[in-house]
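The following exercises concern surface patches and helices. Each task is followed by a worked solution.

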Amino acid sequence: MGRTLQNTMINLGLQNACDEAVYQLGLDMEELEEIEEDAGLGNGGLGRLAACFLDSMATLGLAAYGYGIRYEYGIFNQKIRDGWQVEEADDWLRHGNPWEKARPEYMLPVHFYGRVEHSASGAKWVDTQVVLALPYDTPVPGYMNNTVNTMRLWSARAPNDFNLRDFNVGDYIQAVLDRNLAENISRVLYPNDNFFEGKELRLKQEYFVVAATLQDIIRRFKASKFGSTDSVRTVFDSFPDQVAIQLNDTHPAMAIPELMRIFVDIEKLPWDKAWDITRRTFAYTNHTVLPEALERWPVDLVEKLLPRHLQIIYEINQRHLDHIASLFPNDVDRLRRMSLIEEGGTKRINMAHLCIVGSHAVNGVAKIHSEIVKTQVFEDFAALEPEKFQNKTNGITPRRWLLLCNPGLAELIAEKIGEDYVRDLSQLTKLHEFVDDDLFIREVAKVKQENKVKFALYLEKEYKVKINPSSMFDVHVKRIHEYKRQLMNCLHIITMYNRIRRDPAKLFVPRTVIIGGKAAPGYHMAKMIIKLINAVAQVVNNDPMVGSKLKVIFLENYRVSLAEKVIPATDLSEQISTAGTEASGTGNMKFMLNGALTIGTMDGANVEMAEEAGEENLFIFGMRVEDVSELDRKGYNAQLYYDRLPELKQAVDQIKSGFFSPKDPNLFNDVVNMLFHHDRFKVFADYEAYVKCQEKVSELYLNSKAWTKMVIRNIAAAGKFSSDRTIKEYARDIWHVEPSDLKIPPPNEPRDAGQDKTPNGTAA
């Protein structure tokens, strides 16, 4: 979520008043804002997307709740020591959190372990261990519409009789100390992005958030006029018309068997009725196609932790496979491929299959990704129910990612086209009229220059490095992962360095290359990549032959509040994943909106950015998805490129020989070995096209006016990438609710009784 103070002031229309009031107290608002800790309760783009969605849902007046876990320790703080990443605990609650309100009156029990008893009256889950879920509410204000939604985060608490109710040996002290075991559930965020780690504590976290949330939703449904009761029990027929639940990847997939358990075991609905309601309630968003990221939980772990849920999953699977067998008799291979249970070795539950079967809608997060989901990853399911599969291209909130982080540019745009674009970003197309306006061109360039100077000052203060603010700011910030190919950027840096040294007199367009991002603590290769970047920076930044022509900075502890500083100062945005691996990306959109040009592959939302702005207004290079498939078919041989490209050979040889690690010449052997023998992401195959494309970038940068005109064309085409547009599509196509752009009257104005009626009671 990042910081909350400035975002709240902006959405409430109070920023100028607050700035002035604080100034009159002899304080500086910006200094105050820097004191707030980031709330870093998720990983990479998936977590940030949820935050943008909350802002858009409130701004569109949707009755929507964001549910998650109130981690005591969020994503680790990254320190760079001697070029290596070192993790520190993110004690973000150390000084308290003024934005949250504990709601102990809504505390709920969550059950684990135990066993299942079957009887004539149905199944009963008994002898369980209970953990309490304590909700904390954080307000989510819409933009200037007097709407405030709620983000509800659950914290784990041990019940007061924890370990004391059993025929107790009398070790009271130990029993109280053991309360920590239950409360560990919400202790720390697992820091993996695009990687599945099948740990018991992680599964506990996933079920914890799901069980508490579903109880909360059902309590709210029963209390509403829709949850009519016929003396004995609630009628749930209208449930899917009143409640929509969106699964953000498979991490909350246990919600499907949990809702079935509530309906069948507790509310005593017949299975078919319960299943119909469940399917119509859930929708699933897929966020990645990388096989190592897909959640596949071992059956024996689920059996131990959630025995009743395993039985329900087996029943769902049995009925699902019976249905497929009736459509495709004797096609055992299809049954194996489509089963929720993977046999062979340890039996596992494929959570994506569970989500597809248990949802009425499945979507990818960019056109190209949704196509890959349909035609490759889940092709059998898409053949069965093609109407279930949709696309919802990601977006970003223009409040945080333009108004808040780039007030200079936001104001400049407002002067030209008015202020309405903040709520309707498609209005940015009006900027096309000014693409040849010399004054506007100069003003856009001036805002960018001011942002660069400000960021250069920040870098000097934080990193003690002198930055040339007129150099091209070439920025690559995102989680460190092989598929995102920070290594390819690194090879380009080394190539530029070698060119400067080979011909120091030749004209060279000065660059400051900024790379930042966290590596999952257990991801060895990602940590080696960080060390390599820092080792290269050490050599480049201290070579007198290079001087101010080329500087390399590794940005420590990349997070939302740092993104808000670096993105407005960026000239060139690096979006260089291997085609077919980045589901969407959202950083790409933030850079586009903030006046950077993109160098990128035809991957994720880059494809749609090129479609909106015109491919000639992005620096697109490299293999397309088809080329990657063809190369896989032929077999990728890295050696071929190494032998054919002298500059690539030189760069790789320098890494291999210890040119960048003279104290330990073999330091980067693992990296080099990977690049030659098991590089799934084909860095060498795109190297030549990338370097050539970078030459075109430098050439254009020399012509400040032509560069800025291309910037304006990009900003004018960025309207599609508002999360407001994304959420309108979810609301229309999946949740079946109507967004409202009505500004509800503020609480101090009396309302007509009639205005209390909500036209549509559905909550997402």
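**Exercise 1.** Locate Leu-164 and classify its accessibility.

Solution. Leu-164 is placed in the loop that joins β9 (148–157) to α5 (172–177); helices (H or I, at least four residues) and strands (E, at least two) are DSSP runs, numbered from the N terminus. The model is predicted: local features need pLDDT of at least 70, side-chain atom pairs count only at pLDDT 80 or more, and totals for chains, interfaces and linings use all residues. Residues are numbered from 1 along each chain as its sequence is written, and side-chain values use heavy atoms, without hydrogens and water. The relative accessibility of Leu-164 is 31%, so the residue is partly exposed (buried means under 20% relative accessible area, exposed over 50%, partly exposed in between; 1.4 Å probe, protein chains only).

**Exercise 2.** State where Glu-411 lies and whether it is buried or exposed.

Solution. Glu-411 belongs to helix α18 (residues 407–417). Its relative accessibility is 51%, so Glu-411 is exposed.

**Exercise 3.** Compare the span of helix α9 with its expected value, and determine how enclosed the helix is.

Solution. Helix α9 (residues 255–266) has 12 residues, which should span 16 Å at 1.5 Å a residue; the expected span is 1.5 Å times one less than the number of residues. The end C-alpha atoms of α9 are 15 Å apart, in agreement. Because 11 of its 12 residues are buried, α9 is largely enclosed by the rest of the structure. Among the buried residues are Glu-258, Arg-261 and Asp-265. Lys-268, with a positive phi near 60°, follows α9.
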